[in-house]
Amino acid sequence: MVGAGVSFGPNSIRAMALIDPAIQKGFENCVTSNAYPEKKDVWFDFRMGMTEEGWKDLEGKQPPAKEGEYLTKVIAAPVGQASVHRAHFLDELVKLIPVENAQFGKRLQNVEEKGGRLQLTFRDGTTAEADAVIGCDGVKSSTRRIVLGENHPATLPQFTGKYAYRGLVPMEKAVEVVGDELARNSQMYLGHHGHILTFPIEKGETMNVVAFQTKRDRKWENENWVLPMKESDMFEDFKGWGKDVKHVLSLMQKPDVWALFDHPPAPTYYKQRIALLGDAAHASTPHQGAGAGQAIEDAFVLSNLLGDISDAKDIEKTFYAYDAVRRPRSQKVVTTSREAASIYEFEDEELGMDLQKIRERLDQRCKWIWDEDLPAQLERAREIMRG
Ligand SMILES: Cc1cc2nc3c(=O)[nH]c(=O)nc-3n(C[C@H](O)[C@H](O)[C@H](O)COP(=O)(O)OP(=O)(O)OC[C@H]3O[C@@H](n4cnc5c(N)ncnc54)[C@H](O)[C@@H]3O)c2cc1C
């Protein structure tokens with residue numbers, strides 16, 4: 001999936017460096033952080049985005065804050081908001097792959113065991129042989145079907161009831177409408193059943209905008225998950241929101257709409273010598289900015305475990321240890337990501353519109369993701385592998 005900006009938490013950046021310092025270097029070549037020195041550790045500043053008129057079904061209660069009011073900040077030291085343009089980071093990663101090790105433009109169709117090895121069949125009719133297959137083929141993964149079985153209920157992604165308008169705004173235009181501080185530093189604007197986030201990418205030249213909404217019937221019937229946006233739909237969705245939000249939305253260039261799907265928990269991330277990695281294993285909503293980071297953690301653990309063995313007969317043991325360590329953590333990211341949206345959008349049953357409780361929860365809730373001890377995680381996997 002390419003799209004526009006993607007941000008990485010402290011754990012993800014540490015995982016890059018642990019896999020290979022060259023990956024971190026490539027990331028640093030294209031990363032953009034908040035512009036103001038005092039915002040360097042800030043993940044997001046949270047503000048109320050909705051006007052009083054926007055609040056419906058309040059059952060006599062007052063909206064929790066006035067439109068534009070500053071609510072809180074969340075610290076993700078030492079990286080704060082660290083984002084890249086996806087295409088630029090992919091270019092940096094591709095540079096690190098030896099040409100003879102990669103072939104692009106292939107679509108995997110099937111994997112079968114043949115004579116003790118795995119035979120991969122591609123849509124163009126070509127085949128390849130391997131000792132092991134690691135499917136990193138995204139939320140609509142073919143490998144997931146092969147690992148879990150065609151009819152397994154966790155094979156298919158599920159619509160989460162949320163969708164997002166995504167687009168980019170030239171930074172100087174964003175500064176004109178929301179001012180320097182709000183444009184150049186990451187912001188999250190909250191409202192009932194929706195939220196909007198903005199953060200700088202491309203070394204501060206561009207503002208990345210993602211505006212989330214809720215589909216009340218919780219159904220997505222279109223077979224496409226990314227659709228060109230109709231401006232009138234977006235303005236209808238955000239008609240009860242404040243002027244900053246509306247201004248930013250009106251400036252989005254070539255925005256599109258993304259239906260947000262995630263995976264029901266898979267009972268395993270491998271079958272024999274075929275494993276799943278990244279979204280193929282644990283596709284998540286983007287509400288914690290942590291999905292891609294989990295793919296990098298997967299790669300850190302799995303590449304090290306595979307590096308420890310020298311005989312193909314140990315591959316399955318490696319996948320067993322990888323699955324045991326990675327599945328619980330990455331699946332927790334999927335479920336807590338859904339919870340995050342319900343907090344930002346005042347839908348959480350426990351916290352509701354209680355701003356004090358929301359502040360306290362936001363302050364703490366991502367620490368288990370960001371503060372992970374990755375070498376210890378790998379060590380646990382190695383112990384499992386040693387039996
Ligand atoms: C709106 C949105 C915003 C997001 N923002 C963030 C964020 O800020 N931070 C974050 O950490 N995460 C974010 N995520 C999640 C993040 O995008 C994913 O977790 C990440 O892209 C997963 O990487 P991946 O390589 O596993 O899968 P993908 O990026 O989906 O890549 C899979 C690749 O496999 C290819 N492929 C598919 N099928 C086949 C096949 N049969 N054969 C061969 N190749 C195949 C695809 O073409 C694609 O190139 C966001 C997601 C969405 C939807």
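How many aromatic pairs does the count come to? I began my notes with this question, and by the ring-centre rule I applied, the count comes to 16 aromatic pairs. I keep in mind throughout that this is a predicted model.

**Entry on ring pairs.** I looked up Phe46 and Tyr344, whose ring centres are 6.0 Å apart with the planes at 45 degrees, so I entered the pair as tilted. The pair links distant parts of the chain, since Phe46 belongs to strand 2 (residues 42–48) and Tyr344 to helix 11 (residues 315–344), with the two positions 298 residues apart in sequence numbering. I checked the exposure of these two residues as well, and both Phe46 and Tyr344 are buried.

I then turned to Tyr163 and Tyr165, where the ring centres lie 5.9 Å apart and the planes stand at 75 degrees; planes over 60 degrees apart count as edge-to-face, so this pair is edge-to-face. Tyr163 and Tyr165 are buried. Following the ring pairs outward, I found that they link Tyr163 and Tyr165 into a cluster with Phe159, Trp220, Trp225, Phe238, Trp241 and Phe261.

**Entry on charges over rings.** I looked for charged side chains placed over aromatic faces, and I noted Arg166 over the face of Trp258, at 4.3 Å from the ring centre. I also noted Lys332, whose charged end sits over the ring of Trp368, 4.2 Å from the centre of that ring.

**Entry on the ligand.** Which residues are the closest to the ligand? I found 21 residues surrounding the ligand, and the closest are Ser7, Arg86, Leu108, Asp279 and Ala292. Sorted by class, this shell holds eight nonpolar, seven polar and six charged residues.

For the polar contacts, I recorded that a side-chain N or O atom of Arg86 is 2.9 Å from an oxygen atom of the ligand, and that a side-chain N or O atom of Ser142 is 3.3 Å from a ligand nitrogen. Gly289 takes part through its backbone, with an N or O atom lying 3.2 Å from an oxygen atom of the ligand. On its own the ligand has 1000 Å² of accessible area, and the protein covers 78% of it.

I next asked which elements give two or more residues to the shell, and these are strand 1 (5–7) and helix 10 (291–308). The largest share, three residues, comes from helix 10.

**Entry on buried polar and charged residues.** Is Gln213 buried or exposed? I located Gln213 in strand 12 (residues 206–214), and its relative accessible area is 5%, which is under the 20% limit, so I list Gln213 as buried. The side chain of Gln213 reaches the backbone oxygen of Asp237 at 3.0 Å.

In helix 11, I looked up Arg326, which is buried with a relative accessible area of 0%. Its C-alpha atom is separated by 8.7 Å from that of Tyr269, although Arg326 and Tyr269 are 57 residues apart along the chain.

Ser330 is also found in helix 11, and it too is buried, with a relative accessible area of 1%. How far apart in space are Ser330 and Asp348, C-alpha to C-alpha? I noted 22 Å for this separation, with Ser330 and Asp348 lying 18 residues apart in sequence.

Conventions:
Residues are numbered from 1 along each chain as its sequence is written. This is a predicted model: local features need pLDDT of at least 70, side-chain atom pairs count only at pLDDT 80 or more; totals for chains, interfaces and linings use all residues. Side-chain values use heavy atoms; hydrogens and water are left out. A residue is near a molecule or strand if one of its heavy atoms lies within 4 Å of it. A polar contact is a pair of N or O atoms within 3.5 Å; within protein, one must be able to donate a hydrogen and the other to accept it, and residues adjacent in sequence count only if both atoms are side-chain atoms. Accessible areas come from the Shrake-Rupley method with a 1.4 Å probe; for residues, only the protein chains shown count as cover. Helices (H or I, at least four residues) and strands (E, at least two) are DSSP runs, numbered from the N terminus. Ala, Val, Leu, Ile, Met, Phe, Trp, Tyr, Cys and Pro count as nonpolar, Asp, Glu, Lys and Arg as charged, and the others, Gly among them, as polar. Rings of Phe, Tyr and Trp (its six-membered ring) pair if their centres lie within 6.5 Å; planes under 30 degrees apart count as stacked, over 60 as edge-to-face and the rest as tilted. Buried means under 20% relative accessible area, exposed over 50%, partly exposed in between (1.4 Å probe, protein chains only). A charge sits over a ring if NZ of Lys or CZ of Arg is within 6 Å of the ring centre and within 35 degrees of the ring normal.
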